[in-house]
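Dear colleague,

I am handing over the structure below, and after it you will find my notes on what came out of going through it. Please read them with the coordinates open beside you.

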Amino acid sequence: DDYIISHEPAANARVAKGTTVKLLVSKGPRPLKVPYLIEKTAGEARSSLLAIGLVMQEQEENDDEVEAGRIIRQDPAQGVQIEKGSTVIVWISTGPLLTTVSSVSGMSEKDAKIALEEQGFKVEVKDGISAKDKYGKVVDQRPVEGASVRKGVTATIWIGKKAPAGD
């Protein structure tokens, strides 16, 4: 909205009819430029925004590259001009997405590989010495059942087989 913030001549001054009166009209509050917040902590970002009169709203999101507790992205972006009191949304990393490892013990190599790959793991297969009733089945696994690990890591399974002769 337009507001007169000053004028000449001064208020209550006597002037001749037809005298020009100069008005200074406000264009409103000066817009603020949004600062760069990426990779700052929530506390650092909040302090930066409060110092210039902006409000911060937080969202959380997994990110494989940005450390937990640090800002991944922001809206509006750095340099965008907004009014004092406006809200800047920031997405804070909760770290990489973790998954809980399922047990594949006793499964065939094929079924164990499918189960682990469906959970987002790469699978490495090794030979494991076992009793005859475990031949061809998973006798051990790493990471162990119930562990919380990043998707994409390599899970190793040991498939039971007969001990080599002479051992």
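Glu58 counts as partly exposed, since its relative accessibility is 38% (buried means under 20% relative accessible area, exposed over 50%, and partly exposed in between, with a 1.4 Å probe and protein chains only). Its side chain forms a salt bridge with Arg46, the closest N and O atoms being 2.2 Å apart, where a salt bridge is a side-chain nitrogen of Lys or Arg within 4 Å of a carboxyl oxygen of Asp or Glu. This pair links distant parts of the chain, with Glu58 in strand S4 and Arg46 in helix H1, 12 residues apart; helices (H or I, at least four residues) and strands (E, at least two) are DSSP runs, numbered from the N terminus. Arg46 is likewise partly exposed, at 33% relative accessibility.

Before going further, a word on the basis of these values: this is a predicted model, in which local features need pLDDT of at least 70 and side-chain atom pairs count only at pLDDT 80 or more, while totals for chains, interfaces and linings use all residues. Residues are numbered from 1 along each chain as its sequence is written, and side-chain values use heavy atoms, with hydrogens and water left out.

By the salt-bridge rule the count comes to 7. Another of them brings together the side chains of Arg70 and Glu44, at 3.7 Å from N to O; this pair too links distant parts of the chain, as Arg70 lies in the loop between strand S4 (55-61) and strand S5 (71-75), whereas Glu44 belongs to helix H1 (residues 42-52), 26 residues apart. Arg70 is partly exposed with a relative accessible area of 25%, and Glu44 is partly exposed with 40%. Arg70 also forms a salt bridge with Glu67, the closest N and O atoms being 3.8 Å apart, and Glu67 counts as exposed at 54% relative accessibility. Salt bridges that share partners thus join Glu44, Glu67 and Arg70 into one network.

Turning to the sheet, 3 strands form an open sheet in the order S4-S7-S5, with mixed pairing (two strands pair if DSSP finds at least two bridges between them). S4 and S5 stand at the edges, each with a single partner strand, so one side of each is left without a neighbour in the sheet. The twist averages 25° from one strand to the next, where axes are lines fitted to C-alpha atoms, for helices over the stretch in contact, and angles run from 0 to 180 degrees between N-to-C directions. S4 and strand S7 (residues 87-93) run parallel and are joined by 7 bridges, and Glu60 stands opposite Ile92 in S7. H1 packs on this sheet, touching S4, S5 and S7, and its direction makes about 160° with that of S4; contact here means heavy atoms within 4.5 Å.

The largest nonpolar core has 13 residues, and Leu37, Leu49, Leu54, Met56, Ile71, Val88 and Val90 have the most contacts inside it; such a core is a set of buried Ala, Val, Leu, Ile, Met, Phe, Trp, Tyr and Cys residues joined through side-chain atoms within 4.5 Å. H1 and S7 are the elements that give two or more residues to this core. Leaving out residues up to four places away in sequence, Met56 touches Ala42, Ala45, Arg46, Leu49, Val88 and Val90. A second, separate core of 11 residues includes Val104, Ala112, Val138 and Ile157.

Ile157 is also among the contacts of Glu109, which, beyond its neighbours within four places in sequence, include Val125, Gly136 and Ile159. Glu109 is found in helix H2 (residues 109-118) and is partly exposed at 33% relative accessibility. Although Glu109 and Ile159 are 50 residues apart in sequence, their C-alpha atoms are 6.7 Å apart in space.

Some backbone details may deserve a look. Most residues other than glycine have a negative phi, and most peptide bonds are trans. Here the peptide bond from Glu8 to Pro9 is cis, with omega near 0°, and that from Arg142 to Pro143 is cis, with omega near -5°. Asn12 has a positive phi, near 65°, in the loop between S1 and S2, and Asn12 counts as exposed at 80% relative accessibility. Glu39, also not a glycine, has a positive phi of about 70° and is found in the loop between strand S3 (32-33) and H1.

With best regards
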